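Subject: Structure handover

Hello,

Here is the structure for your own work. My notes on the contacts follow below it.

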Amino acid sequence: KIVSGGELMNKRRFFGFVSLLVLIGVTIAMLIARSQNIENPAFTSEDSAEGVRFFYYRSIPGLKRAEEADLVLPIHKSYEINEKAQVLKIDRIWYSQKNIYVFYHVENFDKIAYLGGCFFTESQKPADLIRYDPQESIGRPSEKGVLFNNGFYSFATFSVLDNIPDGATEIYFEPYLQIDDAEYTFESIALDVEQCIKEEPVESYELEASAQINDSVLEFYELEAGVSSNKIYFSYASPHSEIIYGLHGSIQTDKGEQFEIYAVPTSISKNAGHYFIEFPPFNTIPTSLKFKLKSMDIIGTDSIVGEIDTGVVNSTNKGKGNKSIQKELENIKNTTVTLDSIAFDEEFVSLEIVYYPNFESEPPYFRLKMDLPTLDQQKQALYKIQNIYNQLPNVISIKNNFNKSPNDDDTSYSRLKTWIYCPTDNKIFVGIPRDFWDSSDKIYIQMDNLTYQTVLDQSIEIELLNSLN
């Protein structure tokens, strides 16, 4: 069909009209969003110094106990801002074991003021250090600070120094401030190391609580209540020598504090089956806890072996191609493991292995979860180079009908030929060199120590018993 000039002009007018409507709609949406930001700013107003103090307490767990232990260093350093009526005041610094908190306020200012800066030692130059975006490091995500007495109050969080030389007597903090689309840099503050970095008190308590998780037992036996963090020690007795590598749940204290737990337990090497998890410190030491356990991630002992006949599935032109296989390899822990497809190119053959769940929606239940896959060659390298002999998760090995692997002649990291890629926790791709595939009649893929998740809805009451201090 030939389109006339009039029709073309009408179409242009129509699309121009639509574009105008879209532009108007976007403008209105931006104005609405801006008005919502004005109505709901990321700060609140307080009528008293007590309100400012409570902002700090709800933003920094453990601060109240740090103050009681005399760990927070008063600074009271003032900086005048060039050609401005505002004054920056560095009020206090808490150098904790986890972070450095700098408490500050800006006088005669009723908007958010972003404090940045860097901590350094005498041998370092501030210009050589990484500058972090202060807009991401002040306050907390939901509350950047508070307005009080015609000033903006907040705190900035920095990483602790990991290279303080032995014998160093001072460290330094060089602040800068971002306000009104401008940045102002100020002279450094010298901090006495002994006054700033102090040993933090830790209160230890005996615990007595346990939970039956299928055929295993979880037992909590000690709490270390630190000022910067808490540690709970527990054991996991499993008849299959399984290893916990993840815990998800929540902890609520009888003092009204609550913590969401997404923890990777640390294994205690000298005591097999024993772990601890860390979580934020208490503001008030409780007498009891309620641990609501939602899931556990486990390195199990199950294995899968799959056989592939290369003559049946080979690409017809020995070049590129993709074939749907849909071959069931195993059914373990309410999960069907399937070889979904095989992709070919000139260098590699890629196997796509997918986990399909078969469980009910309500806990408790198991499901396989693909996490932290390891090639057998990598495992061997870890054993030789790092002397690591712990049970590794999802160890994948490839053999052919001659009992050879693609890497029999080389187990170094730098020249690995086989590759693995895990985009989600229910899918993995395994890449095999094409020349190895073409020279084999059969390919065997084995997956050992399959990881799985136990999904739970279990509450564990934990009493703090005798003090261990």
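K333 sits over the face of Y452, 4.5 Å from the centre of the ring. A second lysine is placed in a similar way: K231 lies over the face of F276, at 4.7 Å from the ring centre. Please keep in mind that this is a predicted model.

Y452 also turns up among the contacts of M296. Setting aside residues up to four places away in sequence, M296 touches I213, L218, Y236, I244, G246, L247, Y452, Q453, T454 and L456. M296 is one of the residues with the most contacts inside the largest nonpolar core, together with L351 and W437. That core has 58 residues. A second core, separate from it, has 35 residues, including Y114, F152, F173 and L191. As background, nonpolar side chains in soluble globular proteins tend to be buried together.

The contact between M296 and T454 can be read from the other end as well. T454 belongs to strand β29 (residues 451–467). Its relative accessible area is 4%, so T454 is buried. Leaving out residues up to four places away in sequence, T454 touches I213, N214, K294, S295, M296, Y365 and F366. I213 is thus named for T454 and also for M296.

Next, the aromatic pairs. The search over the whole structure returned 27 of them. In one, F55 and F155 have ring centres 6.0 Å apart and planes at 45°, and the pair is tilted because stacked pairs need planes under 30 degrees apart and edge-to-face pairs over 60. This pair links distant parts of the chain, 100 residues apart, with F55 in helix α2 (residues 49–59) and F155 in strand β7 (residues 151–159). Both rings belong to buried residues: F55 has a relative accessible area of 0%, and F155 has 2%.

Another tilted pair is Y221 with Y233, at 6.5 Å centre to centre and 40° between the planes. Y221 is in strand β12 (residues 216–225) and Y233 in strand β13 (residues 230–237), so this pair ties together parts 12 residues apart in sequence. Is each partner buried or partly exposed? Y221 is partly exposed, with 25% relative accessibility, while Y233 is buried at 13%.

F55 and F155 are also members of a cluster linked by ring pairs, which further contains Y56, W94, Y101 and F103. Around F55, the buried residues of α2 are G51, V52, F55, Y56, Y57 and S59. What do the buried residues of α2 pack against? Their partners are α3 (63–68), β3 (87–95), β4 (99–107), β6 (145–148) and β7.

The last item is F119, in strand β5 (residues 114–121). With 6% relative accessibility, F119 counts as buried. Its contacts, not counting residues up to four places away in sequence, are I93, I100, V102, L129, F158, L161, I171, Y172, F173 and L191. One of these, I171, is 52 residues from F119 in sequence, yet the two are 7.1 Å apart in space, C-alpha to C-alpha. Two other contacts of F119, F173 and L191, are among the residues of the second core.

Regards

Technical notes:
Residues numbered from 1 in each chain as written. Predicted model: local features only at pLDDT ≥ 70, side-chain atom pairs only at ≥ 80, totals over all residues. Heavy atoms only, no water. Helix = DSSP H or I, 4+ residues; strand = E, 2+ residues; numbered from the N terminus. Buried < 20%, exposed > 50% of the residue type's maximum accessible area, 1.4 Å probe, protein only. Lys NZ or Arg CZ within 6 Å of the ring centre and 35° of its normal. Contact = heavy atoms within 4.5 Å. Core = buried A, V, L, I, M, F, W, Y, C linked by side-chain atoms within 4.5 Å.
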